[in-house]
Structures are given as structure tokens and as C-alpha cells.
Amino acid sequence: MPAAGAGLPLSMKALVYSDFGGSDRFALTEVPDPHIGPDTLLVRVVAAGLNPVDYKIREGYLRGLIDVALPAVPGWDVAGIVEKVGLDTPEFEVGDRILAYARADLVQHGSVAELMPVPVRTAAHIPDGLSFEDAAALPLAGLTALQSVLRSGLGEGDTVLVHNAAGGVGSFGVQLARLRGARVIGTASAGKHDYVRALGAEPVEYGDAIVGQVKELAPEGVDVVLDFIGGSALDSTSELLREGGFVVSIADSRAATEFGGISLWVRPDAAQLAELATLAAEGTLTIERAASYPLAEAADAYRELESGHTRGKIIVTI
Ligand SMILES: NC(=O)c1ccc[n+]([C@@H]2O[C@H](COP(=O)([O-])OP(=O)(O)OC[C@H]3O[C@@H](n4cnc5c(N)ncnc54)[C@H](OP(=O)(O)O)[C@@H]3O)[C@@H](O)[C@H]2O)c1
């Protein structure tokens, strides 16, 4: 598949795309095993977690921001077993169960494959009590939520508005904000309000009527806005954010340019990932899985994700 692999035996199965475009570009095929560098692990993938960024990259929307070496395997979230260690990786041994938000600078060897190279700086051990499937659901969305919560500075007694409380990122964001003592108001469509309530937030419906609904719950406005959807979500910010309040968005640069907040791009962070995995293993952080697909149906898994209506995370088991 990659130029570097030309001539190598085709030895592992993977979901691959060879040019940019829709989900029809995906093919399940055999490719050479990936190589590992000195600070990289070769991981036998047990479960891969899917994220919207995977298909945005495949569609070519992020060209200029993220380099892709075609043909490429999608997927940055992985849970699996260490098959081989690099030259200097004292943190891990062959046989360890690990999870990772294994983003490399170049998109090429993703997690929707039998084997994936995983940089040590992105990986953490899976604690006892956490399944591979739940572990694969956690990294990118969990880290995005945690980093948004931390960088917003929210704390005890704050009122926080979470846009897209029922999504992959939002479901973790609500729980992590609640764990820090905040009151959370979360936007979702009506059918997901019970779910949002169970996560610990007061649900409101997104759309034109949002200002009235939030004002009814918080007449003085909110202290923090966490935007996990973009689009028109931040349009209500001037009316809903208290003076001195703070905005973080993962999908709208206006958070920084118009509202003096942060436009966040999630970073791999092994220590934070270990912290999230511990919270999940002890049951403090709930992981919602929308669906699990076998590798043979991985393209369908992406089609379901691309519908934009999932609740929780979609997993591919290898
Ligand atoms: N910058 C970063 O570092 C970063 C990191 C992670 C994700 N992201 C981006 O953040 C976005 C969300 O990611 P995700 O993984 O959480 O997505 P997701 O799980 O696929 O989100 C799906 C959910 O969005 C809800 N939704 C759709 N439109 C909405 C709206 N206007 N207001 C509130 N909820 C709405 C849907 O509910 P209904 O079907 O009921 O409408 C569905 O439950 C994506 O665009 C992703 O690429 C960015």
C-alpha cells in the first residue's frame, strides 16, 4: 500500500482509501504490515473507535492542515495488545493491553486494520475492568472533552452550556463538567433528552428557540459555553454568555475571533488518557457505545457515523 511498503508481502487486512471522496472510496484489502520507529509500538488492534475527523480527512476537507499518504487506513482511536516494541519504549512490553489516540503527523496507518503503529507518547495501559471496546471509544472524544473542560477553567458552581451534549465528545464533556461541580445545560434533539438527563445535564432542544429555553433555566446567563458541534450553535452566545464568561469550541473559530475564547484542537496526552481510562474503569465515567461492527463491515460503520445522528461512539472490532 504505501510507497515504503512496495514489494513487501501483503499480510494484514485493513480498510483503505486510495483517493479522496465519499465512503464509496473504502475497500477492505490486504496490505503490508506497518513498520515501527524507535519510540513506537506495533499494536494488534482489537477495537478501533471511529470519529468524524476520520471521514473529514477521507473527504479531503482537512488538506492543508493534515497530510495524508494515500492509500491510507482511517482511524486514530485504538485499543489492542502490544505485538512488538520499538528500540526505546520502556513504558510498555509485548502483551500489554493499551489504548491510544494514536494521531501521527502523517495519516497513513490507521486503527481500522489488524495492526497499527502507535507512538508511545499517545498510549496508556488499559486498566482492569475496562473492555477493549469501551477503551477504543474513549481516546479522541474523551481527551477533547477533558481538554475543553480544563481550558475553559470551569469549576464548582459554574453554569455551563454544552452544545451537542449527546454526541461522542459531548457525553464525556457533560460528565467531566459535572465531576468538577458545575451545573450543566445540554443541547440535544428531543429524543435524546432522557439520555442527556442521565448524563447529568438539564436538556434543551437545539435550534431557534434555544435562547428562551436556556434563559428559563439560567436567567442570568451561563459562565461557560462548550461548543461541540459548530455551525450556528455559537450564534446564541452574545445573548447567553455572562459578562466575563468563557467560550471553547472544537468546531467554530468564532470562539476565539469573536468571543475571545479558544478554538481547540485535541492533542494526544498519555497522562490524561490514563486518567480518563481509570475514571471509566471505576465506573465514574460512563461510555456510551452506539454500535459495534466487524472489520468486514467497517465501511458501513463509517456510513452510520456520517449520518450525523449517532448517540455515543461507533466501534469496529477486528
Ligand atoms: N477540534 C477538535 O479537536 C475536535 C475533536 C473532536 C470532534 N471534533 C468535531 O466536533 C464535532 C462533534 O464530534 P462528535 O464526535 O461529538 O460527533 P458525533 O458524536 O457524531 O455527534 C452526533 C450528535 O450530534 C447531534 N447534533 C447534530 N446537530 C446538532 C446541533 N446543531 N446541536 C446539537 N447537537 C447536534 C446529533 O443529534 P441528533 O441526531 O439528535 O440531531 C448526534 O447525537 C464534529 O464536527 C467533530 O469533527 C473536533
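# Strands, pockets and a buried lysine

Strand 10, residues 159-163, pairs with strand 13 in the parallel sense, and four bridges join the two. The model in which this pairing appears is a predicted one. Within the pairing, histidine 163 has aspartate 227 of strand 13 as its bridge partner. Strand 13 also runs parallel to strand 14, residues 241-249, and five bridges connect them. One position to look at there is leucine 226, which stands opposite valine 248 in strand 14.

How many of the six residues of strand 13 are buried? Six of the six are, so strand 13, which covers residues 222-227, is largely enclosed by the rest of the structure.

The next topic is empty space. Rolling a probe the size of a water molecule over the atoms shows where such space is left. The largest pocket holds about 1300 Å³ of space. Its lining is made up of 49 residues, and those closest to the centre of the pocket are Asn164, Phe228, Ile229, Gly230 and Ala251. Four elements give two or more residues each to this lining: helix 1, helix 3 (139-152), helix 4 (168-179) and helix 6 (210-217). Helix 1 has the largest share, with four residues. Sorted by class, the lining of the largest pocket has 25 nonpolar residues, 18 polar ones and six charged ones.

Where does the largest pocket lie with respect to domain 1 and domain 2? Domain 1 consists of 11-138 together with 287-317, and domain 2 of 141-263; both give residues to the lining, so the largest pocket lies between them.

Helix 1 deserves a look of its own. This helix spans residues 52-59, and among its residues Val53, Asp54, Tyr55, Ile57 and Arg58 are buried. An α-helix has 3.6 residues a turn, so residues three or four places apart point the same way. After helix 1 comes glycine 60, which has a positive phi, near 90°.

Two of the buried residues of helix 1, Asp54 and Ile57, also help to line the largest cavity, along with Tyr17, Val73, Pro74, Gly75, Trp76 and Val107. This cavity has a volume of about 50 Å³, and the count of cavities of 30 Å³ or more comes to one. Its lining divides into six nonpolar residues, one polar and one charged.

The second largest pocket has a volume of about 250 Å³. Of the 17 residues that line it, Ala104, Leu106, His109, Pro117 and Pro119 lie nearest its centre. Strand 7 (106-107) and strand 8 (115-119) are the elements that give two or more residues to this lining. Strand 8 gives the most, namely three residues. By class, the lining of the second largest pocket has ten nonpolar and seven polar residues, and no charged residues.

The last stop is lysine 313, which is placed in strand 17, residues 313-317. Is lysine 313 buried or exposed? The relative accessible area of lysine 313 is 4%, so this residue is buried, the cut-off for buried being under 20%. Alanine 137 is 176 residues away from lysine 313 along the chain, yet their C-alpha atoms are separated by 5.8 Å. Alanine 137 is also one of the residues in contact with lysine 313, leaving aside neighbours within four places in sequence. The others are Leu50, Asn51, Ala141, Gly168, Glu288, Arg289, Ala290 and Ala291.

Notes
Residues numbered from 1 in each chain as written. Predicted model: local features only at pLDDT ≥ 70, side-chain atom pairs only at ≥ 80, totals over all residues. Heavy atoms only, no water. Buried < 20%, exposed > 50% of the residue type's maximum accessible area, 1.4 Å probe, protein only. 1 Å grid on protein atoms, 1.4 Å probe; cavity = no way out; pocket = protein on both sides within 12 Å on 5 of 7 lines; lining within 4 Å. Points joined across faces, edges and corners; volume = space filled by probe spheres on them. Nonpolar A, V, L, I, M, F, W, Y, C, P; charged D, E, K, R; others polar. Domains from an automatic or database assignment. Pairing = 2+ DSSP bridges. Contact = heavy atoms within 4.5 Å.
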